[in-house]
Amino acid sequence: MFYVVADEINGVVKFGITSGDPRPRLGDHSRDGFDCVIRLVEGLPGDVALRLEKTILAALRDAREAPVRGREYFPARVLPLITDLVDGWTKTTPTPVSKPVQLSLNIAA
């Protein structure tokens, strides 16, 4: 599956892929301040999630946007580009939220 999370306090978004239950990975990110889930796309066939991740990285590079840390952490200003690409790649467009909300993941520390 493919996810996009945000740290609204520091104005950073992070995207990535994970397999199986996403809660452990999202819990790790939440503890790191990325507690706002923007997109969580499950059930992507084959290598679609990996190809989507590579496409987003290429689009950000083409837009001359540099990561703020790691290779998948970017300034929040790129969120519209990321969500447009995610929504365009998914058969069923996830319902966008007007204002992202913090989700309780109920994960023990």
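**View 1. Helix α3 packs against three strands and a helix.** In this predicted model, the buried residues of α3 pack against β1, β2, β3 and α2. If you would like to pick them out, they are Ile82, Thr83, Leu85, Val86 and Asp87, in a helix that spans residues 79-89.

**View 2. Strand β1 is largely enclosed by the rest of the structure.** Let us move to one of the strands that α3 packs against. Six of the six residues of β1 are buried, so the strand is largely enclosed by the rest of the structure. Follow the side chains along β1 and you will find Phe2, Val4 and Ala6 pointing one way, while Tyr3, Val5 and Asp7 point the other way. Residues pointing either way from β1 are buried, Asp7 included.

**View 3. Strand β1 pairs with β2 and with β3.** Here the backbone is the thing to look at. β1 and β2 run antiparallel and are joined by six bridges. With β3, β1 again pairs in the antiparallel sense, over five bridges. Phenylalanine 2 is a handy landmark for both pairings: it stands opposite isoleucine 17 in β2, and its bridge partner in β3 is valine 41. Four residues lie between the strands in the hairpin of β1 and β2. In that hairpin, glycine 11 takes a positive phi near 65°.

**View 4. Helix α1 turns one face of buried residues to four strands.** Helix α1 covers residues 23-31, and Leu26, Gly27 and His29 are buried in it. Seen down the axis of α1, these buried residues fall within an arc of 165°, so they line one face of the helix. What do they pack against? The buried residues of α1 pack against β1 (2-7), β2 (12-17), β3 (36-41) and β4 (73-75). Following the helix comes glycine 33, with a positive phi near 100°.

**View 5. A salt bridge ties together two loops.** Arginine 69 forms a salt bridge with aspartate 32, and their closest N and O atoms are 2.3 Å apart. Arginine 69 lies in the loop between α2 (48-62) and β4, and aspartate 32 in the loop between α1 and β3, so the pair ties together parts that are 37 residues apart in sequence. Are the two partners buried or exposed? Arginine 69 counts as partly exposed, at 39% relative accessibility, and aspartate 32 is partly exposed too, at 36%.

**View 6. Arginine 51 meets aspartate 47 in a salt bridge.** The closest N and O atoms of this pair are 3.1 Å apart. Both side chains belong to partly exposed residues: arginine 51 has a relative accessibility of 40%, and aspartate 47 has 42%.

**View 7. A network of salt bridges links four residues.** The members of this network are Lys14, Glu53, Arg71 and Glu72. Within this group, the side chains of arginine 71 and glutamate 72 meet in a salt bridge at 3.6 Å, N to O. The two partners sit in contrasting surroundings: arginine 71 is partly exposed, with a relative accessible area of 48%, whereas glutamate 72 is buried, at 13%. If you are keeping a tally, the count for the model comes to nine salt bridges.

Key:
Residues numbered from 1 in each chain as written. Predicted model: local features only at pLDDT ≥ 70, side-chain atom pairs only at ≥ 80, totals over all residues. Heavy atoms only, no water. Buried < 20%, exposed > 50% of the residue type's maximum accessible area, 1.4 Å probe, protein only. Arc of directions from axis to C-beta. Contact = heavy atoms within 4.5 Å. Pairing = 2+ DSSP bridges.
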